[in-house]
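Dear colleague,

Please find the structure below, handed over for your consideration. My findings come after it.

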Amino acid sequence: MSASLLVCLLLQQTPVTPPADTMRSRSLDAVVVTATRTERQVGSLPMPVTVVGKNQIQQSGSLRLNDILREQTGLTIVSDHGQGLQIQGFSPDYTLILVDGEPLIGRTAGTLDLNRLTVGNIKQIEIVKGPSSSLYGSEALAGVVNIITESPTRTQGSLSARYGANRTSDLTGDVSLRAGKTNLYLFGNRYASAGYDLTPETFGNTVSPFTNYTGSGRLTSQLANRLKLTLTGRYFTENQNTDAQLTDQQIVLGAGKVNEYTINPVVTHQVSDVWKLMYRYYRSGYNTATDLRYQTTGAEYDASYFRQTFNRPELVVERTIRNRHFLTVGVGYIGESVEATRYPGRQVFSTRYGFAQFEWVPTRRLTVIAGGRYDDHSQYASQVSPKLSARYELSPTLALRGSGGVGFKAPDFRQLYLNFDNGVVGYSVFGTQEVAAGIARLQQRGQIAEVLIDPARFGAIRAESSVAFNLGLSANFQQTYDLPLQLSVNLFRNDVRDLIETQVVAQKTNGQNVFSYTNLNRVFTQGAEVDASYRLTLGAGRLTVSAGYQYLDARDKSVVDAIRAGQVFRRNPETLVTEQVKLADYGGLLNRSRHMANLKFFYELPKQGLSASLRGIYRSRYGFADRNGNLILDTDSEYVPGYITWHVAAAKTIRQLTVQAGIDNLTGYTDPQYIPTLAGRLWYVSLRWNWQQRASI
Amino acid sequence: MNVLPNLLLLTISVATLTACSKDDNAVTTQPVQSLTVKNLSADPISTTAGSGTAVQPVAATGKFTLYSLRENKIIANTDSATNKWDIGFRSTAIIINGGAIRSGQGGANVYTGTFDALTAIPTSTTFAQDQTATQLAVPGGSGNGWYNYSSTTNVVSAIPGRVLLIRTGDGTKYAKLEILSYYLDAPASPTGTTPSRYYTFRYTYQPSGSTTLN
């Protein structure tokens, strides 16, 4: 009897994906840790937060982090030394990427390549927009993306295999074992692709073939009643074969390797009902090595390496006051080292920091969060980052939220340590820590004609900083009107100053310049973002429609001033006639689209185990480079045309097996000249097998 | 009857007077010379290198190409110590025939504005001269003088809105000069490998010696 009951239950077993109801209520009830470093419901937060759950990641057929992030409102993936994330018009250098609250390292030129993160072990992605340096320090200027990985509490496992266009294959397996109070989670992933070539008439691939492996594990143990230990580790390795043709027709080939590891023990000590302590230690290492050789002779063409290590112990104390207000205080130390081909020697530097945050909840309707952080770095001026945010519930439907804060970004390795002489043209570039020694060396060789800035100011550099305001409204019509509609509007303005740019510091006797970096520029980004989702019942299933739009205006303040003063001109490249540039002609910063929109349909038939999705992403035209000699974006020929990409996927679950098929970039749109990362039509098929230890009835 | 000789005298004197004044008004008697010079070679090298490899320049002479604006022709280097030339080009460097290291009395000023809108040299203009090999009338280095060099595209582009106001080598005449391109045949979109050191520029020369330039 019990056996047949068991069989019946198995046969009627709904797909292992979470029940469809979580899709509807997820945005309201999802618990988020990134915004306040404490667990809060996302609907109660005073800053704009987007949550992407595992269900949506799987139904979208995403493989790597950039796949799922580019479909979110207000985010776009840009290619600059890797595929990075642009939020509110900021370059990828200005967004902090965290994995389980710990920063990802390896910004060789400022950008973190998001293609290196697999989505196979992600439970949810939390995206907080607006400056968050008051909690997270450097690089959290545009926002923070925190990837929360799986930490299942049952014994279960899964295996999945996927194959698709460009001989792209993805193999993922994970297992979670529970024994008493200890839980072990292990994850492995292999991702390989043959790359693709958008310009078959020229030598070399647009994207070269590569293979990468990710392995991660998490051990969670309840050591005592109030003591919990979590130990997380991750290892990533990638191998990519490159071949290129030089201007003199010679061919160079070689391999590029990337290795990364992280280790992160966390001890959580609930000292009493009101006091909680967290001790965290994080160590990460990132190495890349490239070795390119001439095909004919085997002689070396370019061998370069980059090695970075990062150590961070941190202590966070949380105090709950009268069960309503929360005080969080933290201190920490960061020790970093970097070594690379173009930097002299191994550079070591450190930061000491402390932060505090008070969440004041005087009434059920009002939440005020005030916080600040102090960072003391060994190589540049120290930084204070305060933030104030508030949320007021106007009614059960409508809530108003606003936040204002300071964000900062530390000078990156190039800006501090670069030591580069261009042998052909004859100019030199020195990072701020190298400029005094570099100029002294050139002066000894008699190559300096004139030093243009006061030598006492050599090496003085500040972090780039911004002041930002976000104001928004969120509406949920479920409670009062019983309408499954959610709407969110956000206005933002970021004023960035002390942007680090290159500057001429001396003139050489060969007529060329010596450049260094200095805090020079001021830019602003401002705009509005709208996000809506509506769920309706269609037959036996549910259809969720979501749409989003962002308007962005990002401009350089000094260029605006120069245009107003009549000092900017442009030359028509065909007729070579010069004319004055008007303010309306100025297109703003490069690589930013004025309009971005997305439209997504997710359809589910839970009883039949079917799901399908259709997503469209639109990006309006954006500036590529200056073509008429005035160094600013001002004519139509300097833009990349806007485009829409459509993605479709469908999945069917039968008991423990899920089959999924999909096509990314349905129309096959490509732009080989300007967008090498857009691969054309990509089809894929995948098979996933889930198993769970059956819970006792 | 007597009116006719008087009238003739009047006409002759008026004609003489107006003829004299016409000599002063250079616009009508000696028009300005406006022309475009294409592909003036300025010590070109045979190959340009991309990043990562250093290529030895071939057949670069290291000599400036000297030019006379009045005669619209290249002046031989043997005449470099005379007043015959006004402006010289070598790679991105521009020299003027005036200053401590030169024999002429010329000068230059880097003016910001449109070439066509500049009808006369402003009275407040100070003409700089070549005082030393590194202190030139037209400053060197990207962004300082007439060009911008982009390390990302390896392209030298003439800054739009920069006009060189020139005083000629003999110190008496004025001209405005605008550099249009640094590349052979002035392509609309040069790249790092387009043959360079071939100047295309246009200038307006005032043969009368006044500062009016239209």
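The notes that follow cover conventions, the nonpolar cores, chain B and the contact between the chains.

This is a predicted model, in which local features need pLDDT of at least 70 and side-chain atom pairs count only at pLDDT 80 or more, while totals for chains, interfaces and linings use all residues. Residues are numbered from 1 along each chain as its sequence is written, and chains are lettered from A and ligands numbered from 1 in the order in which they are written.

The largest nonpolar core (buried Ala, Val, Leu, Ile, Met, Phe, Trp, Tyr and Cys residues joined through C-beta atoms within 7 Å) has 48 residues. A residue is buried if 20 or more other C-beta atoms lie within 10 Å of its own, with C-beta atoms placed from the backbone. Val49(A), Ile68(A), Ile125(A), Val145(A) and Ile147(A) have the most contacts inside this core. Elements supplying at least two of its residues each include β3 (49–53), β8 (122–129) and β19 (346–360) of chain A; strands are DSSP runs (E, at least two residues) and helices likewise (H or I, at least four), numbered from the N terminus. Apart from this core lies another, of 39 residues, among them Ile87(B), Phe89(B), Ile94(B) and Ile121(B).

Chain B contains two helices and 11 strands, and 36% of its 214 residues count as buried.

Between the chains, 29 residues of chain A are in contact (C-beta atoms, placed from the backbone, within 7 Å) with 25 residues of chain B.

With kind regards

Technical notes. Buried ≥ 20, exposed ≤ 12 C-beta atoms within 10 Å, placed from the backbone. Contact = placed C-beta atoms within 7 Å.
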